[in-house]
Structure formats: structure tokens, C-alpha cells
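Visitor: I'd like a walk through the sheet in this model, with the reasoning behind each label.
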Amino acid sequence: MTARPKRGMGAVKDTSPKRPATEDGSTVPSEEDVGLVSPSSGATDQDDSDEEFDRVICSEEDLRRCVADLRVYTEQQRSLGQDAVLAVDIEGVDLSRHGRACLLQIADLGGRVFLVDLVRIGDPEAIHRSGLAALLERRDVTKVFHDARRDCDSLFHQFGVRVHGLWDTQVA
């Protein structure tokens with residue numbers, strides 16, 4: 001146990017914001033702690049200077065740009081003679097035909113991860129207008145899911161999307 005300096009003797013007042021504690025008494029990590037935000041600028045740790053959009057997709061316009069970027073990636077992979085592979089996961093409330101998909105996560109083999117906020121985008125037709133539905137339905141692009149049943153059920157019933165080229169790690 002380290003001794004704390006007494007008042008008036010070089011003590012430094014802790015002005016950092018207090019974070020909520022979890023059930024075990026530890027504090028919830030901040031975005032800085034997990035590397036989402038750099039301490040000085042609030043920017044992401046990765047250099048996004050060449051990106052035209054955020055990695056958190058909250059508008060149909062950003063979704064269109066994201067899908068266009070993923071199309072370029074899949075075509076580059078295919079032109080190199082490699083399989084085009086995307087990892088996909090969906091989070092939601094009672095994820096199924098009766099529930100609601102809220103967040104769609106897509107990652108490519110280059111390490112880029114896109115978080116699509118389906119709630120903020122709002123319009124289910126935006127998935128089709130942006131080209132995301134067509135990308136998920138492409139047979140020549142492998143989509144890796146883990147336990148895809150509820151994700152695909154939700155995509156079909158909420159958005160009318162039938163995922164093709166699916167590889168389920170739970171089944172494999």
C-alpha cells in the first residue's frame with residue numbers, strides 16, 4: 001500500500017471523471033482504455049485520414065460509402081485470385097423474426113470493422129438502396145457468421161435479405 005501525500009504537501013487533486021463500477025467492484029473501461037479514442041484528440045487510434053466516412057455507420061449516405069468500399073475490397077480479393085470473405089454479426093432485441101436487429105457488424109480480412117447502426121438509419125429499405133442487401137446476397141462473397149440462424153432469420157423477416165455464401169463457424 002502506498003502512502004498518499006497530505007494536503008498542502010504536493011497532493012494532486014483527482015479531477016478525472018468517475019466511471020461506474022461493475023458488480024465485482026471494478027470500473028467500466030473508458031473508450032480511451034480500450035483504444036477506441038486517443039486521449040488527446042478524440043480520434044480513433046487507427047489513421048482514418050484517408051477514409052471519407054466513419055467506421056460507425058449512422059446514415060444511409062455513410063452506408064452507401066461503406067458498401068462501395070466493401071465492393072472494392074471484394075473485387076480486389078477476387079482479382080488477386082483470393083476468396084472474398086466478410087465476417088458478419090448482428091446484435092438486436094430478441095433477434096429473430098419477431099425481434100429487431102439493431103447493430104450490424106461487418107469486417108474484412110484487412111482488419112477494417114464497420115458498425116452499422118440500423119436503429120439510427122431507421123429505414124429498412126436503406127439496406128437495399130445502399131447495396132448492402134445485394135452484397136449479403138452475393139454467392140461469390142463468403143460471409144462468416146457464428147450461429148447464423150437468428151441473424152439470418154432477422155435479416156430475412158425485417159429486411160427481406162436472404163444471405164448467400166454463408167459459412168457458419170458453429171456448424172463448421
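Guide: Here is how the strands pair, and what packs on them.

Guide: This is a predicted model, where local features need pLDDT of at least 70, side-chain atom pairs count only at pLDDT 80 or more, and totals for chains, interfaces and linings use all residues. Residues are numbered from 1 along each chain as its sequence is written, and side-chain values use heavy atoms, with hydrogens and water left out.

Visitor: How do you know that β2 and β3 pair?
Guide: Strands are DSSP runs of E with at least two residues, helices are runs of H or I with at least four, and both are numbered from the N terminus. Two strands pair if DSSP finds at least two bridges between them. β2 (residues 84-93) and β3 (residues 100-108) have eight, in the antiparallel sense, so they count as paired. I90 is bridged to L104 of β3.

Visitor: In what sense do β1 and β4 pair, parallel or antiparallel?
Guide: Parallel, over two bridges; the cut-off is at least two, so the pair counts. V56 has L115 in β4 as its bridge partner.

Visitor: What makes β1 and β6 edge strands?
Guide: The open sheet runs β1-β4-β3-β2-β5-β6, with mixed pairing. β1 (56-57) and β6 (166-168) each have a single partner strand, so one side of each lacks a neighbour in the sheet.

Visitor: Which strands does helix α1 lie across?
Guide: Helix α1 (residues 60-79) crosses β1, β2, β3, β4 and β5 (141-145), at about 150° to β2. Axes are lines fitted to C-alpha atoms, for helices over the stretch in contact (heavy atoms within 4.5 Å), and angles run from 0 to 180 degrees between N-to-C directions.
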